[in-house]
Each structure stands twice: as structure tokens, then as C-alpha cells.
Amino acid sequence: MKRTTLTLLVAMTLLGTGLAQADEAAKPAAAAPAAKPAAPAAMKKAPEEVPAAAPEKAKIDWASMKEPERKKYMKEVVLPAAKKMFGAFDAKKYPRAKVTCHLCHGDGATTGKFTMPNPELPKLPTTGAGFKELGEKKPDMMKFMGTVVKPQIAALLGMAEFTPQNPTGFGCYGCHTKLP
């Protein structure tokens with residue numbers, strides 16, 4: 001029950017729909033303080049490397065940066081952070097040596113076209129029901145992406161994070177395309 005509720009809350013947060021209603025439905029009958037959600041099983045392997053809260057928002061203006069500045073920033077700042085995040089999440093699937101520009105940018109990393117969102121990444125649903133289903137199929141990945149990757153990348157790019165109150169912030173669709 002807790003996993004389903006957490007998955008639904010993460011999915012609704014990522015979508016920005018119905019969060020207040022889901023939050024009310026998820027509250028326990030007693031007013032006991034909420035327990036801190038456990039890290040996904042894969043992340044428990046290297047807790048000392050799991051990034052804590054999102055870093056302070058970088059003082060950069062990503063939108064106005066020129067392509068060479070962006071490439072340099074990605075190589076020097078974002079890529080090392082991605083290596084730590086993904087390696088801490090699942091070191092077997094994402095060994096640091098294999099976490100490269102290709103992970104997010106796919107063939108664009110080879111061709112020099114780093115356009116995002118990247119249609120090579122898994123396509124994401126556009127409904128709460130779709131995110132709930134995805135969360136049931138891949139709960140650890142959904143939690144990792146929503147609670148680690150999204151806030152970390154948003155902060156590193158100097159952007160506000162997507163929330164229901166800030167639907168224009170950086171979120172899932174900054175990297176992933178939508179299912180048709």
C-alpha cells in the first residue's frame with residue numbers, strides 16, 4: 001500500500017495533476033509523522049554515494065549559454081554528477097566508466113547534436129494512470145528519476161524544478177519525449 005501511494009504521489013507530482021487530492025487520500029487516519037521513504041533497493045548498495053538533496057541551484061543562465069559553453073559545462077559539471085547519481089543507483093547497470101554523454105543524448109553525442117528531449121530515451125506517459133502503471137512496473141527507477149535525477153539536473157542547469165505549482169520548471173519531459 002505504501003509503495004502504491006508513494007508511486008502515485010511521485011507520478012502525480014511529475015505530472016503536476018491532482019497532487020493535493022492524492023496527498024489528502026494518502027494521509028493516515030492518525031496524525032502520526034510520516035516515515036521517511038526508503039531508498040530503492042538498488043540504491044541501498046552505496047548509500048554514501050547517493051546524492052542528498054538537490055544541490056543549490058547553479059548560478060548559470062542555461063538558455064543564454066552558447067553551444068561551446070554548454071558543452072564545456074556539461075562535461076565538467078553535469079557529466080560527473082550523472083556518473084555519481086547513476087553509479088550510486090545501480091553500479092552494475094551504470095558503471096561510472098560507461099556513464100557518458102550517450103546515456104542521455106544517445107546518438108546525438110556521436111553526431112554532435114545534443115537536442116533534448118531525446119526520442120531515443122524511453123517515452124513517458126502523459127496521464128496519471130500511465131505514470132501509475134509505469135511506477136508499478138519500475139518503482140525503483142521512477143523513484144530515482146523523480147527524487148534524484150530530476151531535482152539534481154534542474155539545479156545543475158540553474159533551472160527551477162517542475163512542480164505542480166511550477167509547471168514550466170525542468171521535469172521529465174526535459175529529457176524524455178511523450179508517448180503518442
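This short presentation describes the helices, the core, the largest pocket and a few single residues of one protein.

Good morning. The model before us is predicted. I shall begin with the overall arrangement. The protein has seven helices and zero strands. Reading along the sequence, one therefore meets the pattern α-α-α-α-α-α-α. Of the 180 residues in the protein, 35% count as buried.

Let us turn to helix 7, which covers residues 139-156. How far apart should its ends lie? At 1.5 Å a residue, its 18 residues should span 26 Å. The C-alpha atoms at the two ends are 25 Å apart, which agrees with that expectation. Helix 7 also contains a kink of about 35°, centred on Met-145.

Is helix 7 enclosed or open? Here we count buried residues, meaning those with under 20% relative accessible area. In helix 7, 14 of the 18 residues are buried, so the helix is largely enclosed by the rest of the structure. After helix 7 comes Gly-158, and its phi is positive, near 70°. As background, most residues other than glycine have a negative phi.

The next topic is the nonpolar core. In soluble globular proteins, nonpolar side chains tend to be buried together. In this model, the largest nonpolar core has 23 residues. Those with the most contacts inside this core are Tyr-73, Met-85, Phe-86, Phe-144, Ile-153 and Leu-157. Which elements give two or more residues to this core? They are helix 3 and helix 7. Helix 3 gives the most, with eight residues.

I now come to the largest pocket. About 1200 Å³ of space lies within it. Its lining consists of 44 residues, and those nearest its centre are Cys-104, His-105, Met-116, Leu-121 and Cys-175. Three elements give two or more residues to this lining: helix 3 (67-89), helix 4 (102-105) and helix 7. Helix 3 gives the most here, with nine residues. What is the lining made of, by class? There are 28 nonpolar, eight polar and eight charged residues.

One of the residues nearest the pocket centre, Met-116, deserves a second look. The peptide bond from Met-116 to Pro-117 is cis, with omega near 0°. For comparison, most peptide bonds are trans. Pro-117 lies in the loop between helix 5 (108-111) and helix 6 (128-137).

That loop between helix 5 and helix 6 also holds Gly-112. With a relative accessible area of 26%, Gly-112 is partly exposed. Gly-112 and Lys-71 are 41 residues apart in sequence, yet their C-alpha atoms are 9.9 Å apart in space.

Two further residues show how positions in the sequence are brought together in the fold. Val-77 has its place in helix 3. Its relative accessible area is 29%, so Val-77 counts as partly exposed. Val-77 and Leu-156 are separated by 79 residues in sequence and by 7.6 Å in space, C-alpha to C-alpha.

The last residue is Pro-95, in the loop between helix 3 and helix 4. Is Pro-95 buried or partly exposed? Its relative accessibility is 28%, and it therefore counts as partly exposed. From Pro-95 to Lys-83 there are 12 residues in sequence, and the C-alpha atoms are 7.9 Å apart.

To close, I would draw attention once more to helix 3. Helix 3 gives the most residues to the lining of the largest pocket, and helix 3 also gives the most to the largest nonpolar core. Helix 7 contributes two or more residues to that core, and likewise to the lining of the pocket. Thank you for your attention.

Notes. Residues are numbered from 1 along each chain as its sequence is written. This is a predicted model: local features need pLDDT of at least 70, side-chain atom pairs count only at pLDDT 80 or more; totals for chains, interfaces and linings use all residues. Side-chain values use heavy atoms; hydrogens and water are left out. Helices (H or I, at least four residues) and strands (E, at least two) are DSSP runs, numbered from the N terminus. The expected span of a helix is 1.5 Å times one less than its number of residues. The bend at a residue is the angle between axes fitted to the seven residues ending there and the seven starting there. Buried means under 20% relative accessible area, exposed over 50%, partly exposed in between (1.4 Å probe, protein chains only). On a 1 Å grid over the protein atoms alone, a cavity is a set of points where a 1.4 Å probe fits but cannot get out, and a pocket is an open set with protein on both sides within 12 Å along at least five of seven lines; lining residues have an atom within 4 Å of a point. Grid points are joined across faces, edges and corners, and a volume is the space filled by probe spheres set on the points. Ala, Val, Leu, Ile, Met, Phe, Trp, Tyr, Cys and Pro count as nonpolar, Asp, Glu, Lys and Arg as charged, and the others, Gly among them, as polar. A nonpolar core is a set of buried Ala, Val, Leu, Ile, Met, Phe, Trp, Tyr and Cys residues joined through side-chain atoms within 4.5 Å.
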